[in-house]
Amino acid sequence: MSDPGHLGLQPDDPALVEHARTWRSAYVHIPFCRRRCPYCDFAIVDESQREVSQTERYVDAVVAEIGLVEQSMVLDAVNFGGGTPTRVSVAGLARIVESLSDRFGLADEAEISLEGNPEDLDEDVLASLVGAGFNRLSLGVQSLDDDVLERLGRVHTASDAEAVVVAAREAGFRSVSVDLIFGHPSESDESWRRTVERTLAMEPDHVSTYALTVEAGTALAREIATGAPEPDDDVQASRYELFCDAASDAGIVRYEVSNHAAHGHHCRYNLGTWANADYLGFGMAAHDHVDGERSRNVQRLDHYLDLVAQGVRPRAATESLSSHDEERDGLMLGLRLAAGVPLEGLAAVFAASPIGVALLDAGVLSVDGGQLRADPMRSDLAIREALSVSDPDC
């Protein structure tokens, strides 16, 4: 069953993006992971390094933080990310959903989504999640090659992942998404081709694809510093193209650089975020964008727990945004969308600037149907140059 909020529009339709700007969402960061993956630099809690679990105390803190928020908004989408949300009990996750519903209210047919790993999910857990109100699952598959999975530090197998996709559908999830990582040096062209074929054969509702990046301080970065091969940009570009072509043939539409969906199965939270809509953030290291302000929470678990226990919003920083800041952010985020941004205001100034004209001539930018769009493989370049458009230019 597709998202009732799709309005009959394809995921890459500018009219859907315009509607997404009206959506209000909440993001809940669940930091716990069985262990840290070698490429990960996210704000997580590596449970393999702790003797005592703090998941229940953390759930208590998130529920308390929700009660500290002054803003009022009915939520169209709730997204649990991490970390690994499924490291928390279903009862704990359900408490947080109930708290959000009680404090803000949930729109009819609201999207309630969470990320999960195959090793944490069986038929009973999946059924319980659906019973708790979750209707969308984003599954951390990453690869369907067992050798590549091992090099990525994952503990599940390809067959484990495929079985969970089937079980999630049978449990009643409205949308099942598959996350993939491409470009690890151990991955061959043939390996990636098989992963793509097996992924699309499962007929997922949504697929997110991410190029493997080397982040400072990670185990992967240390391996490369001692002589291990590093990801190749050209190889990653060809892998991305292969997936996009195969997905398009299967009816999976790219609506953002990394996100692809069947008709009616876009991620409402994702699309709203890229459309620069308002969203609340809860949990350590969570960010939010509400009423002209961007804020982020503290990143240390102990600091987060202590501040919430004192009845204080656990903010690390808050930035008030001018109208120009909001328009600039809308342009930068929108250039990642397949729909692009309307060719007006700051976008029109950027397109008419010397660097904008050069990017149009080079095919990095294009204009079609009154929308300014970026080539997905060169959107980072377009976004960097968009930052050069200053207040005086407007």
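A residue is called buried when its relative accessible area is under 20%, exposed when that area is over 50%, and partly exposed in between, using a 1.4 Å probe and protein chains only. The structure shown is a predicted model, in which local features need pLDDT of at least 70, side-chain atom pairs count only at pLDDT 80 or more, and totals for chains, interfaces and linings use all residues. Residues are numbered from 1 along each chain as its sequence is written, and side-chain values use heavy atoms, with hydrogens and water left out.

Two cysteines may be considered together. Cys33 has 10% relative accessibility and therefore counts as buried; Cys40, at 13%, is likewise buried. A disulfide is taken to be a pair of cysteine sulfur atoms within 2.5 Å. The cysteine sulfur closest to that of Cys33 belongs to Cys40, and because 6.2 Å lies between them, they are too far apart for a bond. The number of disulfides under this rule is zero.

The second largest pocket encloses about 250 Å³. Its centre is approached most closely by Arg21, Gly330, Leu331, Val341 and Pro342, out of 14 lining residues. Here a pocket is an open set of points on a 1 Å grid over the protein atoms alone where a 1.4 Å probe fits, with protein on both sides within 12 Å along at least five of seven lines, and lining residues have an atom within 4 Å of a point. Helix H12 (323-334), strand E15 (341-342) and helix H13 (345-352) each give two or more residues to this lining, and H12 gives the most, with four. Helices (H or I, at least four residues) and strands (E, at least two) are DSSP runs, numbered from the N terminus.

Conventions
Grid points are joined across faces, edges and corners, and a volume is the space filled by probe spheres set on the points.
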